[in-house]
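This report walks through a structural model, beginning with how far it can be trusted and then turning to its helices.

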Amino acid sequence: MVPLRDNNPVTITPYVTYALIAANVLVFLYELSLTPDQLEQFFRVWAVVPRELTASLSGTLPNQPLPEWITLFSSQFLHGGFLHVAGNMLFLWIFGNNVEDRLGHVKYLIFYLACGALAALTQWFFSSGSAVPSLGASGAIAGVMGAYILRFPKAEVLTLIPLFIFITTVRIPAVFFLGFWFLQQAFYGVASLEAPANIGMEGGGVAYWAHAGGFVFGAILGPLLGLFSASRTAES
């Protein structure tokens, strides 16, 4: 299912959401300028490598130019391909503006980065010995979706659905669209525990636990930061 837009208007200009999208696109364009060897090294430095994060937490310093914890944030702006960045930015475009509208610009940025870091730590918890770099904005965006489903469960999401050779669009309440997405990530996350070589990050695939973890932390942090506050300011 591909979301196209929601019917949930905002009362502010979502500058932070726009800036995050721009930053992700610019970093991806930079990635395209690198040779394969340079790109691999770039990911090794700026993406989360669970094995190296584990070593740093145990007191061993990996051979990296920067502290390993920085990758919990820098990895949120890296992507492995066009579909990866395009899909993430589409979800951020649709759901991010409404959460920013409720939290305010500054709190929303803190919320977004915190969800991304906590999502990366969730994936690390389940694959602490992996040497596969973990990267992408999807953990942070999952946090946005976790806040969205709490605050706007009845908002309708215009969704593109392929049915064999036909393509149709339907309006799906956010609670069902995002709820199904979360259950899917959790299911594949559990499956990855039984087949680490075939599914999930250990096989170089999708970091499902980062998605599920980001979603849960978003649902927790959103209300704590004022998601349901009756009054807010754009600067809050």
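The model is predicted, and the protein chain has a mean pLDDT of 88, with 90% of its residues reaching 70 or more. Confidence varies along the chain, as the table shows for the helices with the highest and the lowest mean.

| Helix | Residues | Mean pLDDT |
|---|---|---|
| α1 | residues 15-32 | 97 (highest) |
| α8 | residues 174-194 | 81 (lowest) |

Over residues 195-204 pLDDT stays under 50, although the model has 22 contacts beyond four places in sequence for this stretch. Where pLDDT is low, the predicted coordinates should not be read in detail.

Helix α1 packs with helix α6 (residues 105-126) at an angle of about 40°, and the two axes lie 9 Å apart. That angle makes α1 oblique to α6. On the α1 side the contact is formed by Tyr15, Val16, Thr17, Leu20 and Asn24, which meet His105, Tyr108, Leu109 and Tyr112 of α6. Sorted by class, this contact of α1 with α6 has 6 nonpolar and 3 polar residues, and no charged residues.

Helix α7 (residues 138-151) has 14 residues and reaches 20 Å from its first C-alpha to its last, close to the 20 Å expected at 1.5 Å a residue. How is α7 placed with respect to the rest of the structure? Of its 14 residues 12 are buried, so α7 is largely enclosed by the rest of the structure. The buried residues of α7 include the glycines Gly139, Gly143 and Gly146, and among them are also Ile141, Val144, Met145, Tyr148 and Ile149.

Technical notes:
Residues numbered from 1 in each chain as written. Predicted model: local features only at pLDDT ≥ 70, side-chain atom pairs only at ≥ 80, totals over all residues. Heavy atoms only, no water. pLDDT = per-residue confidence, 0-100. Helix = DSSP H or I, 4+ residues; strand = E, 2+ residues; numbered from the N terminus. Contact = heavy atoms within 4.5 Å. Axes fitted to C-alpha atoms, helices over the stretch in contact; angles between N-to-C directions. Parallel < 35°, antiparallel > 145°, perpendicular 65-115°, else oblique. Nonpolar A, V, L, I, M, F, W, Y, C, P; charged D, E, K, R; others polar. Expected span 1.5 Å × (residues − 1). Buried < 20%, exposed > 50% of the residue type's maximum accessible area, 1.4 Å probe, protein only.
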